Amino acid sequence: MATMHILQAAPLTAAIRAIVKGTGSSDREADLVATNLVEANLKGHDSHGIGMIPRYVDSWKEGGLAVNAHVSITLDANALLRLDGNQGYGQVIGYEAMELGAERARRHGVCVVGLANAHHIGRIGAWAEQCIGHGLVSVHFVNVLSRPIVAPWGGRDARHGTNPFCVGVPRAGGDPVVLDFATSRIAQGKTRVAYNKGEQLAPGTIIDTRGDPTTDPRFTVVEPYGAILPFGEHKGSGLALICELLGGALAGGTTQSGNTARGRQVINGMFSILIDPTRLGTAENLARELEAYVAWHIASPPAAGVERVLIAGEPERATRRQRLADGIPVDDATWNEILGAADKVGMRRADLEAIARA
Ligand code: NAD
């Protein structure tokens with residue numbers, strides 16, 4: 001059992017913020033990055049939380065991540081926006097892209113946003129939640145340019161990334177529906193978390209270098225690599241393909257076949273559709289049907305071992321409440337990597353520890 005550090009969200013955010021500042025970021029950039037990463041941990045997605053900071057620092061040192069970069073508008077056609085993320089921190093680029101798209105969606109009823117060339121944009125649910133904050137429904141298809149790590153259905157080696165898909169639906173006066181998942185059996189970061197904790201993966205999750213089943217997470221963390229399997233067999237594999245075509249190609253960027261990401265760099269492309277239900281004239285219908293349908297959906301008698309049927313977004317909110325109260329668990333290997341990242345930006349480890357545990 002790996003040693004765990006229990007850290008409170010506010011000082012942990014301050015510590016991550018200090019590392020980001022160490023890469024030369026503005027206060028706003030450091031705030032956006034640190035808040036977004038800690039929020040992912042609060043929501044239970046440690047794979048997309050503060051554990052990404054060492055990779056961001058390495059990518060920055062290699063010249064793969066641009067600090068203080070902003071979104072550029074490469075095409076502005078009212079309800080269509082094509083954006084370039086200029087390899088900037090994805091937490092800034094994703095935020096700016098969604099703010100631009102939301103303003104257009106409120107004005108025109110809909111906005112299609114093609115975002116290319118952003119550095120890692122993290123948990124995609126964050127962007128759906130931002131749209132929900134503007135009263136918008138949103139759909140997101142994302143591709144991932146780094147070393148391919150997911151095999152197509154029926155294949156023996158990796159041909160694409162964990163290509164996430166996400167939909168957010170606002171709910172007047174209630175908790176929204178946020179469906180947000182990687183199209184791989186598990187997120188790549190979760191294999192890293194398992195590897196760092198010394199745990200095995202569930203059978204049927206990954207394959208080894210020969211394309212045969214294994215439960216050892218090393219095959220997706222250290223060379224020589226195997227691959228993660230797609231979720232949902234041929235259906236999930238098909239959705240991952242669509243994420244390449246929409247998130248990579250249609251959004252104006254690159255698919256895995258033309259992948260130029262280097263070193264520790266992770267580039268995301270995202271194709272998003274933002275819809276204002278008020279402008280579509282269905283806001284009241286959506287609100288009424290959503291309440292009726294969710295009540296019907298969750299009334300299904302729970303299966304053996306299940307407490308109750310949940311809707312997408314609920315597990316994250318429950319984890320968030322619990323971790324805000326009890327603190328965020330960070331395994332020792334991940335924490336050491338974060339201390340190493342502090343070193344690389346010229347911070348003393350003891351200073352980082354002091355901020356994180358204040
Ligand atoms: P996951 O397997 O935990 O699935 C999460 C989704 O399933 C959520 O919508 C959640 O609310 C829902 N869910 C979970 N349990 C449920 C239950 N019992 N009943 C109903 N709904 C339930 O997520 P994942 O695939 O591990 O993805 C983790 C995160 O990684 C996501 O936020 C994703 O956006 C992110 N990601 C990002 C990238 C990138 O390149 N930026 C790549 C891959 C994944």
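**Stop 1: the ligand's pocket.** Start by selecting the ligand. The space it takes is the largest pocket. Keep in mind that this is a predicted model.

**Stop 2: the shell.** Now select the residues around the ligand. There are 22 of them. The closest are D180, A182, K190, G313 and E316. Colour the shell by class. Eleven of its residues are nonpolar, seven are polar and four are charged.

Which elements should you highlight here? Both β7 (177-181) and α10 (314-326) supply at least two residues each to the shell. Of the contributors, β7 gives the most, with four residues.

**Stop 3: polar contacts with the ligand.** Show side chains and zoom in on D180. One of its polar side-chain atoms lies 2.5 Å from an oxygen atom of the ligand. Next, pick E316. In its side chain, an N or O atom is 2.6 Å from a ligand oxygen. Then turn to V178. Here the backbone is the part to watch: one of its N or O atoms lies 2.9 Å from an oxygen atom of the ligand.

How much of the ligand's accessible area does the protein cover? On its own, the ligand has 870 Å² of accessible area, and the protein covers 79% of it. Switch on a surface to look at that cover.

**Stop 4: a salt bridge between helices.** Leave the ligand and select R17 and D31. Their side chains meet in a salt bridge, with an N to O distance of 2.5 Å. Why does this pair tie separate parts together? R17 lies in helix α1 (residues 9-22) and D31 in helix α2 (residues 27-42), so the bridge joins parts that are 14 residues apart in sequence. To widen the view, display the salt bridges of the whole structure; a search finds 25.

**Stop 5: a cis peptide bond.** Select E223 and P224. The peptide bond joining them is cis, with omega at about -5°. Where does P224 sit? Look in the loop between β9 (213-214) and β10 (227-228).

**Stop 6: a positive phi.** Finish at N86. Find this residue in the loop between β3 (80-84) and α4 (90-108). Check its backbone angles. Phi of N86 is near 50°, a positive value in a residue other than glycine.

**To retrace the route.** Go back to the ligand in the largest pocket. Step through D180, E316 and V178. Then visit the R17 and D31 salt bridge, the cis bond between E223 and P224, and N86 with its positive phi.

Definitions and conventions. Residues numbered from 1 in each chain as written. Predicted model: local features only at pLDDT ≥ 70, side-chain atom pairs only at ≥ 80, totals over all residues. Heavy atoms only, no water. Near = heavy atom within 4 Å. Polar contact = N/O pair within 3.5 Å; in protein donor to acceptor, adjacent residues only side chain to side chain. Areas by Shrake-Rupley, 256 points an atom, 1.4 Å probe, with all protein chains shown as cover. 1 Å grid on protein atoms, 1.4 Å probe; cavity = no way out; pocket = protein on both sides within 12 Å on 5 of 7 lines; lining within 4 Å. Sits in = over half its atoms within 2 Å of the grid points. Nonpolar A, V, L, I, M, F, W, Y, C, P; charged D, E, K, R; others polar. Salt bridge = Lys/Arg side-chain N within 4 Å of Asp/Glu carboxyl O.
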